[in-house]
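Thank you all for coming. I would like to walk you through one structure this morning, going from its overall layout to a few individual residues and then to a pocket.

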Amino acid sequence: MMTAIAAAAGAADAPAAVAKQHPYSCDLELQFASPKHAQVAADALAVDQEMSPKSVSRTFTTDGCTMKLHVEAADARFLRLTMLSFFDMSAVVVKTLQEFGGEQEGGAAAR
């Protein structure tokens, strides 16, 4: 089952218009031990809004134990800053899941 969470204003824009506005993109997958933890991580990370919603669009999805992130940005600088921020925030989420979500289900590994 695939669950999508839009994390940026303008996510309902036509795909062609977004592609022209945001020519830079990155896809990332994090593997979790359980689908529940993948969904908790996606929900926690999607809450934060972008500082420049017109310049960056983020979409989180989950597919089983995998959390997927798709980022589109207006320029390379915005993409880099968004990804750095994501890594910082996801490290906190993973540590929290490890501490409070059960030892066997808390780990995540980037693919």
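Before I place any residue in an element, let me say how the elements are named: helices are DSSP runs of H or I with at least four residues, strands are DSSP runs of E with at least two, and both are numbered from the N terminus. Please also keep in mind that what you see is a predicted model.

With that naming in hand, threonine 62 can be placed in strand β3, and I will come back to this residue shortly. The protein as a whole has three helices and five strands, and if you follow the chain from the N terminus, the order of the elements is β-α-β-α-β-β-α-β. Of the 111 residues in the protein, 36% are buried.

Let me begin with the strands, and with β4 in particular, which covers residues 66-73. On one side of the pairing list, β4 is joined to strand β2, residues 24-32, by eight bridges, and the two run antiparallel. Eight bridges also join β3 to β4, again in an antiparallel arrangement. Which residue of β4 is the bridge partner of leucine 28? That partner is leucine 69, and phenylalanine 60 likewise stands opposite leucine 69. Why can we describe β4 as largely enclosed by the rest of the structure? The reason is that six of its eight residues are buried.

The hairpin formed by β3 and β4 has two residues between the strands, and there glycine 64 takes a positive phi near 65°.

Staying with β3, let me set two of its threonines side by side. Threonine 62 has a relative accessible area of 5%, and because buried means under 20%, this residue counts as buried. Its side chain is joined to that of glutamine 39 by a polar contact of 2.8 Å. Threonine 59 also lies in strand β3, but its relative accessible area is 27%, so it falls in the partly exposed class. Between threonine 59 and glutamate 72 there are 8.9 Å from C-alpha to C-alpha, with the two residues 13 apart in sequence.

Glutamine 39 brings us to the helices, since it is listed among the buried residues of α2, together with His37, Ala38, Ala41, Ala42, Leu45 and Ala46. Helix α2, residues 35-46, has twelve residues and reaches 16 Å from its first C-alpha to its last, close to the 16 Å expected at 1.5 Å a residue. Helix α3, for its part, has 25 residues and reaches 36 Å between its first and last C-alpha, which is close to the 36 Å expected on that basis. Its buried residues include Phe78, Leu79, Met83, Phe86, Val93, Val94 and Leu97, and also the polar-side-chain positions Thr82 and Ser90. At the N-terminal end of α3, aspartate 75 acts as a cap, with a side-chain oxygen 3.1 Å from the backbone nitrogen of arginine 77.

Two loop residues deserve a moment as well. Histidine 22 lies in the loop between α1 (15-21) and β2. Is this residue buried or exposed? Histidine 22 is buried, with a relative accessible area of 7%. A polar atom of its side chain lies 3.0 Å from the backbone oxygen of lysine 54, and the backbone oxygen of serine 55 lies 3.5 Å from a polar atom of the histidine 22 side chain. Serine 52, in the loop between α2 and β3, is partly exposed, at 24% relative accessibility. Serine 52 and alanine 73 are 21 residues apart in sequence, while their C-alpha atoms are 9.7 Å apart in space.

Finally, let me turn to the pocket. The largest pocket has a volume of about 210 Å³, and it is lined by 13 residues, of which Glu50, Met51, Leu81, Thr82 and Ser85 lie nearest its centre. The elements giving two or more residues to that lining are β3 (56-63) and α3 (76-100). Which element gives the largest share of the lining? That share, six residues, comes from α3. Sorted by class, the lining holds six nonpolar, four polar and three charged residues. Thr82, then, appears both among the residues nearest the centre of the pocket and among the buried residues of α3.

Definitions and conventions:
Residues are numbered from 1 along each chain as its sequence is written. This is a predicted model: local features need pLDDT of at least 70, side-chain atom pairs count only at pLDDT 80 or more; totals for chains, interfaces and linings use all residues. Side-chain values use heavy atoms; hydrogens and water are left out. On a 1 Å grid over the protein atoms alone, a cavity is a set of points where a 1.4 Å probe fits but cannot get out, and a pocket is an open set with protein on both sides within 12 Å along at least five of seven lines; lining residues have an atom within 4 Å of a point. Grid points are joined across faces, edges and corners, and a volume is the space filled by probe spheres set on the points. Buried means under 20% relative accessible area, exposed over 50%, partly exposed in between (1.4 Å probe, protein chains only). Two strands pair if DSSP finds at least two bridges between them. A polar contact is a pair of N or O atoms within 3.5 Å; within protein, one must be able to donate a hydrogen and the other to accept it, and residues adjacent in sequence count only if both atoms are side-chain atoms. The expected span of a helix is 1.5 Å times one less than its number of residues.
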